[in-house]
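Here is a short report on one protein structure. Keep the picture in view as you read, and find each residue as it is named.

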Amino acid sequence: MLSRLTRLQAVVVCALPVAALIATALFAPLPFAVAQPGPTANVLGKSRGTTVITVSGAPVRATSGQLRMVTIVATGPDTRVSLGGVLGNWFRTDRAVMPHDAVYQGDTVKEIEKHNVEQMQQSQDAATEAALTYLDLSSEKVKVTLKLADVGGPSAGLLFSLGIVDKLNGDGSGGDLTGGRTIAGTGTIDADGKVGAVGGVALKTQAARRDGATVFLVPKDECSDAEAELPKGLRLVPVTTLKGAVSSLVALEKGRGSVPSC
C-alpha cells in the first residue's frame, strides 16, 4: 500500500530534478570563449629581447616614439566555459564573451595553433609587400624580417606595415611617423594596403591605453565597437588603407591637415 506524500515532501520531490537541471545548465560547457585585454608590443623595438622588424638592403632610420600592436587573450581552445562563466563575465567592461568559432578556427588545439601561425605568416608577408609597394621599393633588393613571439592571427598587419614605413622613410621629410607619441592600433592588411576588420577592438583599446597609447588606429568599420568602451585619453583614428593611415599620422605629427575621426 502506497502512502500519500505530504505537501512538503511533494515539493521536495519535484524540486530535486529542477535543481539538477539548473546545476547542469550552470556547469555544462558552452560554445563560448571569454576574452580580455592582452599584452602589447612596440613593433619599432624589441619583443622578448628580439628585434621585431629587421631590414637589410636599404638604410634604416633611428626612430623615436612607439607603434604598439595590441592583442586580446582568450580562454584556451579546449577550456570549458559554463553558463556561470558566461553570466559572470557578460556585464564586465574588461571582458567579452565571444562565440568559440569567432576566436578559434579548427577542431583540435593543434589545428587551431597551426591556423594561427599560418595567418600570422600570411599577415607578415602581406604587410611587408604593402609597405614596400607604398615606398616604391623592390622586394628583391630590400629584405624585411618580422619576428613576434607567441602572437598568432592576422590583426598586427597594419602595425607591421607602419613600422616598416617608419624605419625606412619616417614621415617622408626627416621626422618620425609617430611624432614621438605612443600610437597603437589594429587591423589586417592585404598586399594592396587595404585595412580590414579584426574584432575585439573594445578590449584592444583598453590594452593600448594601459600601455601608454594616446592614439589608436582602428579599422573604419569597427569605429562603433571601439567607441563603446573607449578609455579616457585615447583618440580614435579610423583607417581603411595604409596610405590613409600614414597620411593621418603625418597630419597628427605636423599639427596640420585632415585627421579623420570616428
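On the surface of this predicted model, D125, E129, D190 and D192 gather in a patch of negative charge. Take one of its members, E129. This residue lies in helix 4, which covers residues 109-134. Is E129 buried or exposed? Its relative accessibility is 45%, so E129 counts as partly exposed.

**Two helices**

Helix 5 runs from residue 157 to residue 168. How far apart should its ends be? The helix has 12 residues, and at 1.5 Å a residue they should span 16 Å. The end C-alpha atoms of helix 5 are 17 Å apart, which agrees.

Now look at its surroundings. In helix 5, 12 of the 12 residues are buried, so the helix is largely enclosed by the rest of the structure. Among these buried residues are G157, L158, F160, I164 and V165. The charged-looking names D166 and K167 are on the buried list too. Just after helix 5 comes G170, with a positive phi of about 55°.

Helix 8 can be checked in the same manner. It covers residues 242-254, which makes 13 residues. At 1.5 Å a residue they should span 18 Å, and the end C-alpha atoms are 18 Å apart, which agrees. Which residues of helix 8 are buried? They are L242, A245, V246, S248, L249, V250, A251 and L252. After helix 8 comes G255, whose phi is positive, near 75°.

Step back to the loop between strand 14 (235-239) and helix 8, where T241 is found. T241 has a relative accessible area of 30% and is partly exposed. Its C-alpha atom is separated by 5.0 Å from that of V195. Along the chain, T241 and V195 are 46 residues apart.

**Positive phi without glycine**

Two further residues deserve a look. R48 has a positive phi of about 55°, although it is not a glycine. Where is R48 placed? It sits in the loop between strand 3 (46-47) and strand 4 (50-51). R48 is exposed, with a relative accessible area of 68%.

D136 is not a glycine either, yet its phi is positive, about 60°. D136 lies in the loop between helix 4 and strand 9 (143-146). The relative accessible area of D136 is 69%, so this residue is exposed.

**Salt bridges**

How many salt bridges does the model have? The count comes to four. The table lists three of them, with the N to O distance for each pair.

| Pair | N to O distance |
|---|---|
| D166 and R61 | 3.5 Å |
| R61 and D176 | 3.0 Å |
| D211 and R210 | 2.9 Å |

Start with D166 and R61, whose side chains meet in a salt bridge. This pair links distant parts of the chain, 105 residues apart. D166 is in helix 5, while R61 is in the loop between strand 5 (53-56) and strand 6 (66-74). Their exposure can be compared with the cut-offs. D166 has a relative accessible area of 0%, which puts it among the buried residues, as buried means under 20%. R61 has 21% and is partly exposed.

R61 also forms a salt bridge with D176. R61 lies in the loop between strand 5 and strand 6, and D176 in the loop between helix 5 and strand 10 (182-185), so the pair ties together parts that are 115 residues apart in sequence. Is D176 buried or exposed? At 14% relative accessibility, D176 counts as buried.

The third pair in the table is D211 and R210. D211 counts as partly exposed, at 28% relative accessibility. R210 is also partly exposed, at 46%.

Which residues are joined into one network by salt bridges that share partners? They are R61, D166 and D176. R61 is the partner of D166 and of D176.

Terms used:
Residues are numbered from 1 along each chain as its sequence is written. This is a predicted model: local features need pLDDT of at least 70, side-chain atom pairs count only at pLDDT 80 or more; totals for chains, interfaces and linings use all residues. Side-chain values use heavy atoms; hydrogens and water are left out. Patches are made of residues with over 30% relative accessible area and no salt bridge: like charges are joined within 9 Å, nonpolar side chains (Val, Leu, Ile, Met, Phe, Trp, Tyr) within 5 Å. Accessible areas come from the Shrake-Rupley method with a 1.4 Å probe; for residues, only the protein chains shown count as cover. Lys and Arg count as positive and Asp and Glu as negative; His and the chain ends are not counted. The place of a charge is taken as NZ of Lys, CZ of Arg, CG of Asp or CD of Glu. Helices (H or I, at least four residues) and strands (E, at least two) are DSSP runs, numbered from the N terminus. Buried means under 20% relative accessible area, exposed over 50%, partly exposed in between (1.4 Å probe, protein chains only). The expected span of a helix is 1.5 Å times one less than its number of residues.
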